[in-house]
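Visitor: Could you take me through a close look at a single part here, and then show how the rest fits around it?

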Amino acid sequence: CRWLLPSEDCDPFGSYGSCQELTDDFRIVLQGHTDSVWGLTTVGKETDGVVASCAADGSCRFWKCAKSEESPLLATIETTEGRPTCIGAVETDSNHCAVGLDTGRAVVLDVERQQPVVTFQVAGDHPDVQQINRLASHPTLSVTITAHEDRHMRFFDNKSGEQIHSMVAHTDGVSCLSVDPNGLFLVSGSHDSSLRVWNFETKTF
């Protein structure tokens, strides 16, 4: 999918048209979810042009963003472990994406086979684990980090699904998360109105 951006010399304080002004060459509408869409991501280089979405209707959908007479919907996967709240590409595997759920669990989906391949398991007995608000994968290590409403960030092995680290990151729910392109730092944001930059290796800020 493409965005129609204003030119660099336009008036920054002037109004800009709505999406209705997009030409047919640029506009692609993806319809299929029956409830609010919570997340979007592009998936890998080998599956060029594929967009993954997750929604409150309990499904994850994969779309081909190219002008075609055929339906852009490639596949639909229903999540059985909970309702999806966020979705993100797995940087170390171009055919995989990770989906966070409202149960505090996450699953890795294989785009090519259109099925779950790994479920992340929280270590120990944690009945109070709350939903995942955001997740991000490391650019070179097979690790995905999840940001939870229970103030925790948790680190999981993408291959085994095992939790390899957990920590209280903020004084309120962790709402956003990003890993820098070199994989050295992790940035988290929270409902407590703070942003924290973490050293990925030492897990300190």
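Visitor: Let's start with Asp-102: what is its relative accessible area, and is the residue buried, exposed or partly exposed?

Guide: Asp-102 is partly exposed, with a relative accessible area of 27%. For the labels, buried is under 20% relative accessible area, exposed is over 50% and partly exposed is in between, using a 1.4 Å probe and protein chains only. Before going on, note that this is a predicted model, where local features need pLDDT of at least 70, side-chain atom pairs count only at pLDDT 80 or more, and totals for chains, interfaces and linings use all residues. Residues are numbered from 1 along each chain as its sequence is written, and side-chain values use heavy atoms, leaving out hydrogens and water.

Now, the partner. Asp-102 makes a salt bridge with Arg-83, with 3.5 Å between the closest N and O atoms; the criterion is a side-chain nitrogen of Lys or Arg within 4 Å of a carboxyl oxygen of Asp or Glu. This pair links distant parts of the chain, with Asp-102 in the loop between S6 and S7, Arg-83 in the loop between S4 and S5, and 19 residues separating them. Strands here are DSSP runs of E, at least two residues, and helices are runs of H or I, at least four, numbered from the N terminus. Arg-83 is partly exposed too, at a relative accessible area of 46%.

Stay with those two loops for a moment. Arg-105 forms a salt bridge with Glu-81, and there the closest N and O atoms are 2.7 Å apart. Arg-105 sits in the loop between strand S6 (96-101) and strand S7 (106-110), while Glu-81 sits in the loop between strand S4 (73-78) and strand S5 (84-89), so you get another link between distant parts of the chain, 24 residues apart. Arg-105 comes out partly exposed at 31%, and Glu-81 is likewise partly exposed at 28%.

A search of the whole structure turns up 4 salt bridges. One more of them joins the side chains of Arg-113 and Asp-110, at 3.4 Å from N to O. Its two ends have contrasting surroundings: Arg-113 is exposed, with a relative accessible area of 51%, whereas Asp-110 counts as buried at 8%.

Moving on to a polar side chain, Asn-158 is in the loop between strand S11 (152-157) and strand S12 (163-168), and it counts as buried at 8% relative accessibility. Its side chain has a polar contact of 2.6 Å with that of Thr-144. (A polar contact is a pair of N or O atoms within 3.5 Å; within protein, one must be able to donate a hydrogen and the other to accept it, and residues adjacent in sequence count only if both atoms are side-chain atoms.) Setting aside neighbours within four places in sequence, Asn-158 is in contact with residues including Val-90, Val-118 and Phe-120, contact being heavy atoms within 4.5 Å.

Phe-120 leads us to the rings. The whole structure has 3 aromatic pairs. Phe-120 and Phe-156 make a stacked one, 4.9 Å centre to centre with 5 degrees between the planes. (Rings of Phe, Tyr and Trp, its six-membered ring, pair if their centres lie within 6.5 Å; planes under 30 degrees apart are stacked, over 60 edge-to-face, the rest tilted.) Phe-120 lies in strand S8 (residues 115-120) and Phe-156 in strand S11, so this pair ties together parts 36 residues apart in sequence. Phe-120 is buried at 1%, and Phe-156 is buried with a relative accessible area of 1%.

For Phe-155 and Phe-200, the centres are 5.8 Å apart and the planes at 70 degrees, so that pair is edge-to-face. Phe-155 is in strand S11 and Phe-200 in the segment after strand S15 (195-199), so parts 45 residues apart in sequence are tied together. Both rings' residues are buried. Lys-203 joins in: it lies over the face of Phe-155, at 5.0 Å from the ring centre, and its charged end also sits over the ring of Phe-200, 5.0 Å from that centre. The test is NZ of Lys or CZ of Arg within 6 Å of the ring centre and within 35 degrees of the ring normal.

Zooming out, the protein has 0 helices and 15 strands, and 42% of its 205 residues count as buried.
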